[in-house]
Amino acid sequence: MKESDRMKWAAIFFALVAVVAAGWYFKQQTDSQTGTRTEEGRVLPAGALATVKLPSSLTEQEQIGASAYDAVCAACHGLNGQGRDGIAPPLVHKIYEPSHHGDMAFVLAAQNGVRAHHWKFGNMPAVEGVTRSDILDIVSYIRALQRANGIY
């Protein structure tokens with residue numbers, strides 16, 4: 001192979017490496033603008049505090065709870081209980097396991113509000129317009145999320 005051919009192939013090789021590196025760099029920039037990268041390499045939605053694995057299926061009550069959660073809880077506690085940085089904690093977290101915060105703790109928090117005690121997000125106000133039945137459906141959904149994430 002002639003010296004000029006070798007140089008041409010070397011230039012092509014380095015150009016390809018540069019294109020791949022630039023693609024990787026811009027992908028990282030996009031991820032950092034849209035969310036946070038976890039230690040496992042997954043990207044959280046912007047502002048989310050926890051990675052949440054979804055259950056493979058939900059019971060009818062859990063599905064109803066998921067819809068109610070999306071309507072009244074997700075604005076503060078984030079999609080699927082992931083929490084929102086500076087707003088509210090993740091509900092899929094060991095602190096909220098059933099042995100520490102029973103179902104009634106969620107009912108009382110939603111009905112009466114609760115003073116901040118585990119997190120520095122401020123006090124949680126009472127949630128207007130939800131019934132005890134709505135809250136219990138939401139709790140069943142949160143418990144399903146917790147189980148799917150190893151929280152019992």
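Before I turn to the helix itself, let me say that the expected span of a helix is taken as 1.5 Å times one less than its number of residues. What we have here is a predicted model, and in it helix H5, with its 17 residues, reaches 24 Å from its first C-alpha to its last, which is close to the 24 Å expected at 1.5 Å a residue. Just after this helix comes Gly150, whose phi is positive, near 80 degrees.

If we ask which residues of H5 are buried, the list runs through Ile135, Asp137, Ile138, Val139, Ser140, Tyr141, Ile142, Arg143, Ala144, Leu145 and Gln146, and the cover over these buried residues includes H2 and helix H4, residues 103-112.

That brings me to the aromatic rings, since a search of the whole structure finds three aromatic pairs. In one of them, the rings of Tyr69 and Tyr141 have their centres 5.7 Å apart and their planes at 55 degrees, so this pair is tilted. Because Tyr69 sits in helix H2, residues 60-72, while Tyr141 sits in helix H5, residues 132-148, the pair ties together parts that are 72 residues apart in sequence. Both partners are buried, Tyr69 with a relative accessible area of 1% and Tyr141 with one of 4%.

Another tilted pair is formed by Trp119 and Phe121, at 6.0 Å centre to centre and with 45 degrees between the planes. Here Trp119 counts as partly exposed, at 24% relative accessibility, and Phe121 is likewise partly exposed, with a relative accessible area of 23%; the cut-off to keep in mind is that buried means under 20%.

How values were computed:
Residues numbered from 1 in each chain as written. Predicted model: local features only at pLDDT ≥ 70, side-chain atom pairs only at ≥ 80, totals over all residues. Heavy atoms only, no water. Phe/Tyr/Trp six-rings, centres within 6.5 Å; stacked < 30°, edge-to-face > 60°. Helix = DSSP H or I, 4+ residues; strand = E, 2+ residues; numbered from the N terminus. Buried < 20%, exposed > 50% of the residue type's maximum accessible area, 1.4 Å probe, protein only. Contact = heavy atoms within 4.5 Å.
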